[in-house]
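Subject: Structure handover

Hello,

Here is the structure I promised to pass on. Please open it alongside this message.

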Amino acid sequence: MVCMLGPNGCGKSTLLRTLAGLQPALSGEYTHCDTKHIALVLTERLSMDNTTVHDVVAMGRYPYTSFLGGLTETDEAIIAESLRQVGFENRESKIENSFFNAHSDGEKQRILIAKALAQQTPIILLDEPTAHLDLPHRILVLRLLRNLAHEQSKTVLISTHELDLALALSDRILLMTPGRGIQLDTAANLKKANAFTSAFGMDIFDPLG
């Protein structure tokens, strides 16, 4: 699991969109597998009237369905498991049948992450996946993504401002420094080299200093 860190405006979202094939590269070249093997979660607030949570997560299964888009028992099990993984148990309220727009921004974010999980792709790109989430759910989501990387050998790339959680849970940090390019290393090595101070223009580990 790689967490992408850097100040606002340094290009984190642009890089994710480029890797996902949503926009052309500004310069240079990159190589990866087919974009159909990539699941992407962005930060844009979505409004889907009269669309249930089940239908949103089911969109992640469309690459695997028949021409008519029918869902199998296996698809339904994957949808339910994806929701469970992001903290939605199948309670009496029947989360799957509730409307997407009836949920808070934080709940919508978790539902969209469940949609990405339902795609079962080898690569998952997430732009600030913990935005709008409270602390317990921020930890839940990042632990889940770390487990996917470690236990299912998925490549997980996250853009985030959650510095403390990124340092604690990521395997590598991709640090973007305006005007100085990108560094990919462990958090310990980057901290030792004062790379975070260079990127953010201050000692972020001593906010009172």
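Below are my notes on the helix α4, the cores, one strand residue, and the pockets and cavity.

Please keep in mind that this is a predicted model.

Helix α4

Start with α4, which runs over residues 105-119. Its 15 residues should span 21 Å at 1.5 Å a residue, and the end C-alpha atoms are 22 Å apart, so the two figures agree. The helix is mostly covered, with twelve of the 15 residues buried. Early in the helix these include Gly106, Lys108, Gln109, Arg110 and Ile111. Further along, Ala116, Leu117, Ala118 and Gln119 are among them. What do the buried residues of α4 pack against? Two strands and three helices: β2, β3 (123-127), α2 (53-58), α3 (73-85) and α5 (135-152). Just past the end of α4, look at Gln120, which takes a positive phi of about 50°.

Nonpolar cores

In soluble globular proteins, nonpolar side chains tend to be buried together. Here the largest nonpolar core holds 46 residues. Which element gives the most to this core? That is α4, with seven residues. The residues with the most contacts inside the core are Met1, Val57, Leu126, Leu145, Ile158, Ile173 and Leu175. Take Leu126 from that list. Leaving aside residues up to four places away in sequence, Leu126 touches Leu16, Val41, Ile113 and Leu145, as well as the run Val156, Leu157, Ile158 and Ser159. Ile113 is one of the buried residues of α4. There is also a second, separate core, made of eleven residues. Leu19, Ala20, Ile38 and Leu174 belong to it.

Cys3

Cys3 sits in strand β1 (residues 2-5). Buried or exposed? Cys3 has 1% relative accessibility, and the cut-off for buried is under 20%, so Cys3 counts as buried. Its contacts, not counting residues up to four places away in sequence, are Ile158, Thr160, Ala166, Ser170, Arg172, Ile173 and Leu174. Two of these names have come up already: Ile158 and Ile173 are listed among the best-connected residues of the largest core, those with the most contacts inside it. Cys3 and Leu184 are 181 residues apart in sequence, yet their C-alpha atoms are 9.6 Å apart in space.

Pockets

The largest pocket has a volume of about 310 Å³. It is lined by 14 residues, and the closest to its centre are Leu15, Thr18, Ala25, Leu26 and Ser27. Helix α1 (residues 12-19) supplies the largest share of this lining, four residues. By class, the lining has eight nonpolar, five polar and one charged residues.

The second largest pocket comes to about 250 Å³. Of its 15 lining residues, Leu40, Val41, Leu42, Lys115 and Gln119 are the closest to the centre. Two elements give two or more residues to this lining: β2 (38-41) and α4. The class split is nine nonpolar, three polar and three charged.

Cavity

How many cavities of 30 Å³ or more are there? The count comes to one. Its volume is about 70 Å³. Thr43, Glu44, Arg45 and Leu46 line the cavity, together with Asp105, Lys108, Gln109, Leu112 and His132. Four of the lining residues are charged, three are polar and two are nonpolar. Lys108, Gln109 and Leu112 also appear among the buried residues of α4.

Best wishes

Note on methods:
Residues are numbered from 1 along each chain as its sequence is written. This is a predicted model: local features need pLDDT of at least 70, side-chain atom pairs count only at pLDDT 80 or more; totals for chains, interfaces and linings use all residues. Side-chain values use heavy atoms; hydrogens and water are left out. On a 1 Å grid over the protein atoms alone, a cavity is a set of points where a 1.4 Å probe fits but cannot get out, and a pocket is an open set with protein on both sides within 12 Å along at least five of seven lines; lining residues have an atom within 4 Å of a point. Grid points are joined across faces, edges and corners, and a volume is the space filled by probe spheres set on the points. Ala, Val, Leu, Ile, Met, Phe, Trp, Tyr, Cys and Pro count as nonpolar, Asp, Glu, Lys and Arg as charged, and the others, Gly among them, as polar. Buried means under 20% relative accessible area, exposed over 50%, partly exposed in between (1.4 Å probe, protein chains only). Contact means heavy atoms within 4.5 Å. The expected span of a helix is 1.5 Å times one less than its number of residues. A nonpolar core is a set of buried Ala, Val, Leu, Ile, Met, Phe, Trp, Tyr and Cys residues joined through side-chain atoms within 4.5 Å.
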